[in-house]
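Hi,

Here is the structure I said I would pass on. Have a look at it first, and then read my notes below.

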Amino acid sequence: MAAPRRPSGGGLRRAPQDGRLEEINKEFLCDPKFSDEEDLEEKLAVFKEKYMEFDLNNQGEIDLMSVKRMMEKMGAPKTHLELKKMISEVTGGVSETISYQDFVNVMLGKRSAVLKLVMMFEGKANENNPKPSGPPPERDIASLP
């Protein structure tokens, strides 16, 4: 009799990554550059959850396909060229993947990077407009634009 299968991406695979990201969060909490940031600990916890959600391979890096998935999930699909430009902006052009340090630096930084704007927009959109469930309501010809 075969043992039941666990879904991939489960808690056991995420545990080492969670520990690594928590260590990085501690470094940010101890960094005097961010000492004046309000609610830093709560923000870092949110950033960690978002980062883990889009780190599809659990390697501690968000690659092109992960950014593509994130943008599609938010209803704003981008071309590969646009995605590469976003990643280049976040990493300063030195990497093809976004590390957690780069991600947090962008989110806490003063400059308005595209990724930061996208993540803020996603949070505000989810608060104000919960996704409706079920089929869409029926429409007649008079209700069309």
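What follows is a short tour of what I found, going from the overall fold to single residues.

First, a word of caution: this is a predicted model. The protein has 6 helices and 2 strands. If you start at the N terminus and walk along, the elements come in the order α-α-β-α-α-β-α-α. Of its 145 residues, 31% count as buried. Contacts across long stretches of sequence matter for the picture too: among contacts with a separation of 6 or more, 54% are between residues 24 or more positions apart.

There is also a record to go with it. UniProt, in an unreviewed entry, lists residues 42-77 as "domain: EF-hand". In the model that span is 64% helix and 6% strand, and the C-alpha atoms at its two ends are 29 Å apart.

Now for the helix pair I'd look at first, H3 and H4. H3 covers residues 64-73, and its buried residues are Leu64, Ser66, Val67, Lys68, Met70 and Met71. H4 covers residues 80-91; the two helices pack with their axes 10 Å apart, at an angle of about 110 degrees. Angles from 65 to 115 degrees count as roughly perpendicular, so H3 is roughly perpendicular to H4. Who meets whom? On the H3 side you'll find Leu64, Met65, Val67, Lys68 and Met71, and on the H4 side His80, Leu83, Lys84, Met86 and Ile87. Sorted by class, that contact has 7 nonpolar residues, 1 polar and 2 charged.

Met71 is a good residue to click on here. It sits in helix H3, and it counts as buried because its relative accessibility is 1%, where the cut-off is under 20%. Met71 and Leu83 are 12 residues apart in sequence, and their C-alpha atoms are 9.0 Å apart in space. Just after H3 comes Gly75, which has a positive phi of about 80 degrees.

Another positive phi turns up in a residue that isn't glycine: Asp39, with a value near 50 degrees. You'll find Asp39 in the loop between helix H1 (11-30) and helix H2 (40-54).

Staying with H2, is Lys48 in that helix buried or exposed? At 9% relative accessibility, Lys48 counts as buried. Apart from neighbours within four places in sequence, Lys48 is in contact with Asp18, Leu21, Glu22, Asn25 and Tyr100.

Glu96 makes a nice contrast. This residue lies in the loop between H4 and E2, and it counts as exposed because its relative accessibility is 70%, where exposed means over 50%. Even so, Glu96 has contacts beyond its neighbours within four places in sequence, namely with Asp63, Leu64 and Ile87. Leu64 and Ile87 should ring a bell, as both take part in the meeting of H3 with H4. Glu96 and Ile62 are 34 residues apart along the chain, with 8.9 Å between their C-alpha atoms.

Last stop: strand E2, residues 98-99, which is where Ser99 sits. The side chain of Ser99 reaches the backbone nitrogen of Asp102 at 3.2 Å. Not counting residues up to four places away in sequence, Ser99 touches Tyr51 and Gly60.

That's the tour. Shout if anything is unclear.

Cheers

Terms used. Residues numbered from 1 in each chain as written. Heavy atoms only, no water. UniProt positions renumbered as here; feature names shortened; annotations may be inferred. Helix = DSSP H or I, 4+ residues; strand = E, 2+ residues; numbered from the N terminus. Polar contact = N/O pair within 3.5 Å; in protein donor to acceptor, adjacent residues only side chain to side chain. Contact = heavy atoms within 4.5 Å. Buried < 20%, exposed > 50% of the residue type's maximum accessible area, 1.4 Å probe, protein only. Axes fitted to C-alpha atoms, helices over the stretch in contact; angles between N-to-C directions. Parallel < 35°, antiparallel > 145°, perpendicular 65-115°, else oblique. Nonpolar A, V, L, I, M, F, W, Y, C, P; charged D, E, K, R; others polar.
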